[in-house]
Amino acid sequence: MKQWILPLLAFGILPLFAAENKRELIDCNIIFEQRKSEIIQEIERIDEQQQALQALQSATQNVLDQKEADLKKREIALNNAQKEMEEREAKITRLLKRNEEVLKQIRGATQSKVGETYAGMKDSKSAAILETLPEAEAAEILFALDTKVMSKILAKMTPQKAATLTQLLQKGPPFEDEKESQQTSNAIPKNGENNGENAI
């Protein structure tokens with residue numbers, strides 16, 4: 001009897017198992033389909049984000065490239081301006097040197113003419129004239145003269161004046177009288193100081 005029961009049970013239970021397995025399979029398919037659409041949506045969202053990121057990277061790279069190009073242009077313009085300034089500076093330096101040379105030649109010619117004039121005069125007359133001039137100018141004229149002529153003129157001057165001019169000549173050009181420069185600096189009011197005219 002047991003032999004009959006087992007095949008009957010097998011035939012009765014197997015269809016039940018099969019039906020249950022079929023139900024579970026259908027449930028899995030439904031879940032899979034639901035998950036599949038969710039996964040597809042997630043993949044689409046990730047693709048959109050990736051495309052947005054690529055667009056942002058491309059835009060950022062374009063901005064960086066533009067800024068780099070602008071920076072290079074500015075650098076080139078700055079280098080050109082610097083070269084132009086250096087060229088102008090060199091030109092100005094050359095012009096200044098040339099002007100100084102011309103000025104020296106003019107001064108030399110003037111001093112030689114003045115020197116020739118004083119050298120052609122009598123020592124006593126030259127000495128009298130030079131004593132009346134400001135000391136810096138007298139020293140400049142004496143400096144342009146020949147040593148023998150200078151010594152003869154100094155010999156005809158008062159000892160005090162000759163000593164002062166000799167001291168100036170020893171210092172050498174430029175012959176600026178210290179007293180005159182101090183008087184000039186004292187005469188010019190300093191910033192913040194009032195002149196006597198402005199005083200109340």
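The following legends describe an overall view and close-up views of salt bridges in a predicted model.

**Figure 1. Overall fold of the predicted model, an all-helical arrangement of six helices and zero strands.** From the N terminus on, the elements run α-α-α-α-α-α. The protein has 200 residues, of which buried residues make up 12%. About 17,300 Å² is exposed by the protein, and carbon and sulfur atoms supply 57% of that area. Where contacts join residues at least 6 apart in sequence, 59% of them link residues at least 24 apart. Four salt bridges are present in the structure; Figures 2 to 4 show the pairs Glu42 and Arg45, Lys72 and Glu68, and Lys161 and Glu135.

**Figure 2. Close-up of the salt bridge between Glu42 and Arg45.** The closest N and O atoms of this pair lie 2.3 Å apart. Both residues belong to helix H1, which spans residues 2-120. Glu42 and Arg45 are three residues apart in that helix, so about one helical turn separates them. Each partner is partly exposed: Glu42 has a relative accessible area of 35%, and Arg45 has a relative accessibility of 38%.

**Figure 3. Close-up of the salt bridge between Lys72 and Glu68.** In this pair the closest N and O atoms are 3.9 Å apart, within the 4 Å cut-off for a salt bridge. Lys72 and Glu68 also lie in helix H1, and because they are four residues apart there, their separation is about one helical turn. Glu68 is partly exposed, its relative accessible area being 45%.

**Figure 4. Close-up of the salt bridge between Lys161 and Glu135.** The closest N and O atoms of the two side chains are separated by 3.9 Å. This pair links distant parts of the chain, with the two positions 26 residues apart in numbering. Lys161 is located in helix H5 (residues 159-171), whereas Glu135 is located in helix H3 (residues 135-144). Lys161 has a relative accessible area of 16% and is therefore buried, the cut-off for burial being under 20%. Glu135 is likewise buried, with a relative accessible area of 16%. Side chains of opposite charge can pair when their charged atoms come close.

How values were computed. Residues numbered from 1 in each chain as written. Predicted model: local features only at pLDDT ≥ 70, side-chain atom pairs only at ≥ 80, totals over all residues. Heavy atoms only, no water. Buried < 20%, exposed > 50% of the residue type's maximum accessible area, 1.4 Å probe, protein only. Contact = heavy atoms within 4.5 Å. Areas by Shrake-Rupley, 256 points an atom, 1.4 Å probe, with all protein chains shown as cover.
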